[in-house]
Amino acid sequence: MTVTPGPAALPPPPDVIRAGYAELIVTDLDAARWFYVDVLGLVVTAEDADALYLRAFEEYLHHSLVLRRGDTPALGRLAYRVRGQAQVDAAERYYRALGVDTRRVPAGTTRGIGEAVRITDPLGFPVEFYYDAEHTERLTQRYDLHPGNALTRLDHFNVMVPDVAAAHAYYTGLGFGVSETIEDERHNIYAAWLYRKQTVHDIALTSGDGPRLHHIAYATAERHHILHTCDVLGALRRERHIERGPGRHGVSNAFYLYVRDPDGHRIEIYTTDYYTGDPDNPTVRWNVDDNRRRSFWGHSVVPSWYTEGSPVLGPDGGPTPLTAATVREADRGVLVGADGFSQVTDGGAPTGFKLGTQV
Ligand code: 4SX
Ligand code: FE2
């Protein structure tokens with residue numbers, strides 16, 4: 001009997017705890033400070049001549065967002081926290097075995113962060129794995145410091161990828177669970193939500209020309225915190241920063257708002273999704289024709305939300321060229337409702353439109 005050797009076994013993937021921090025390249029640090037600190041209310045842990053290190057009120061690590069000054073707006077990197085410093089080594093072994101270049105960066109390369117491993121992942125994103133990080137004061141109960149829209153913690157990243165199925169396979173290989181998807185009747189996959197922590201996601205995959213960053217999302221404790229951000233932007237006559245929402249997502253059930261920063265980076269404010277921590281947590285599969293999938297109330301999604309995103313920095317420091325998407329959710333037929341925008345039905349499904357169906 002001949003035994004054909006299979007492919008060499010991969011070492012186990014690093015044990016990722018959660019989405020840890022992101023670095024965004026911004027062109028004007030003062031404008032960015034206005035938006036992230038004065039309007040969104042993030043806390044400044046530290047600042048240099050060319051960067052701000054920000055955290056939200058429940059976060060005790062140094063930062064969950066770095067804003068670095070640069071010539072063009074871009075994603076500098078996404079960083080995942082792993083379960084101990086030995087898992088940083090595990091990340092290095094795993095990606096080397098995958099044939100991905102790895103780079104070790106000494107402690108302090110990013111202020112407040114210990115020795116870490118950086119890669120350009122197989123999807124084209126600059127990604128870091130880290131554990132050690134400086135601790136700082138957790139301001140959960142410093143209510144005297146909380147603004148009316150207090151953000152509690154970083155919740156997730158959302159990226160635009162040309163091939164969601166391939167990206168889904170990459171992230172499940174990295175040990176992520178799949179909480180929800182958007183699919184069509186032929187099981188083409190338009191979007192997917194994947195998690196390591198016990199929420200709906202740490203990373204979402206959105207079909208689009210990529211690699212690009214779609215958004216990063218911060219959690220708030222309650223819906224009224226989100227509404228307060230809308231009121232503040234209106235009062236300041238800066239309502240143009242509101243792109244989509246407020247509303248209730250179908251996927252995730254979270255209450256949401258999307259705002260755009262002065263460079264166009266998209267930030268989501270997100271609250272009260274659900275627990276996914278049991279090992280048999282079922283995957284919710286939405287039909288792309290179910291109008292409640294992205295807004296549980298049936299509103300259509302503003303086109304910019306599907307088409308615009310932030311470029312990502314490649315290993316040479318320049319923007320990564322884009323690959324065109326294989327499927328486009330925005331190209332699916334959309335029915336226009338009474339407000340000129342949203343789909344409205346009286347409970348009967350219009351012809352050719354499957355209301356309330358799931359794949
Ligand atoms: O637009 S979706 O309802 O599909 C959605 C988008 C659900 C959860 C998210 O975090 C998100 O960004
Ligand atoms: Fe999101």
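Begin by selecting histidine 156 and histidine 215, both of which are buried, and keep in mind throughout the tour that this is a predicted model. Colour the secondary structure around them, and you will find histidine 156 in strand 9 (residues 151–161) and histidine 215 in strand 13 (residues 212–220), so that the pair, 59 residues apart, links distant parts of the chain.

**The iron ion**

Next, show ligand 2, the iron ion, whose protein donors are His156 through NE2, His215 through NE2 and Glu268 through OE, lying 2.0 to 2.2 Å from the ion. Along the sequence these donor residues follow the spacing H-x58-H-x52-E.

**Ligand 1**

Now add ligand 1 and the 15 residues around it, among which His156, His215, His249, Tyr258 and Arg294 come nearest. With the side chains drawn as sticks, look for the contacts made with oxygen atoms of this ligand: an N or O atom in the side chain of tyrosine 258 is 2.5 Å from one, a polar side-chain atom of histidine 215 lies 3.0 Å from one, and a polar side-chain atom of arginine 244 lies 3.3 Å from one. If you switch on a surface, consider that ligand 1 has 320 Å² of accessible area on its own, and that the protein covers 100% of it. The space that ligand 1 takes is the largest cavity, and the elements giving two or more residues to the shell around the ligand are strand 9 and strand 16 (266–271).

**Threonine 276**

From strand 16, move along to the loop between that strand and strand 17 (284–287), where threonine 276 lies. Why does threonine 276 count as buried? Its relative accessibility is 1%, and the cut-off for a buried residue is under 20%. Display the backbone of threonine 199 as well, since the side chain of threonine 276 reaches the backbone oxygen of threonine 199 at 2.6 Å.

**Helix 1**

Finally, go to helix 1 (residues 29–39) and select its buried residues, which are Leu29, Ala32, Phe35, Tyr36, Val37 and Val39. As you look along the axis, it helps to recall that an α-helix has 3.6 residues a turn, so residues three or four places apart point the same way. At the start of helix 1, a side-chain oxygen of aspartate 28 reaches to within 3.0 Å of the backbone nitrogen of aspartate 30. The tour ends beyond the other end, where helix 1 is followed by glycine 41, a residue whose phi is positive, near 80 degrees.

Note on methods:
Residues numbered from 1 in each chain as written. Chains lettered and ligands numbered in written order. Predicted model: local features only at pLDDT ≥ 70, side-chain atom pairs only at ≥ 80, totals over all residues. Heavy atoms only, no water. Donors = N, O, S within 2.8 Å, 3.2 Å for Na, K, Ca; no water. Helix = DSSP H or I, 4+ residues; strand = E, 2+ residues; numbered from the N terminus. Buried < 20%, exposed > 50% of the residue type's maximum accessible area, 1.4 Å probe, protein only. Near = heavy atom within 4 Å. Polar contact = N/O pair within 3.5 Å; in protein donor to acceptor, adjacent residues only side chain to side chain. Areas by Shrake-Rupley, 256 points an atom, 1.4 Å probe, with all protein chains shown as cover. 1 Å grid on protein atoms, 1.4 Å probe; cavity = no way out; pocket = protein on both sides within 12 Å on 5 of 7 lines; lining within 4 Å. Sits in = over half its atoms within 2 Å of the grid points.
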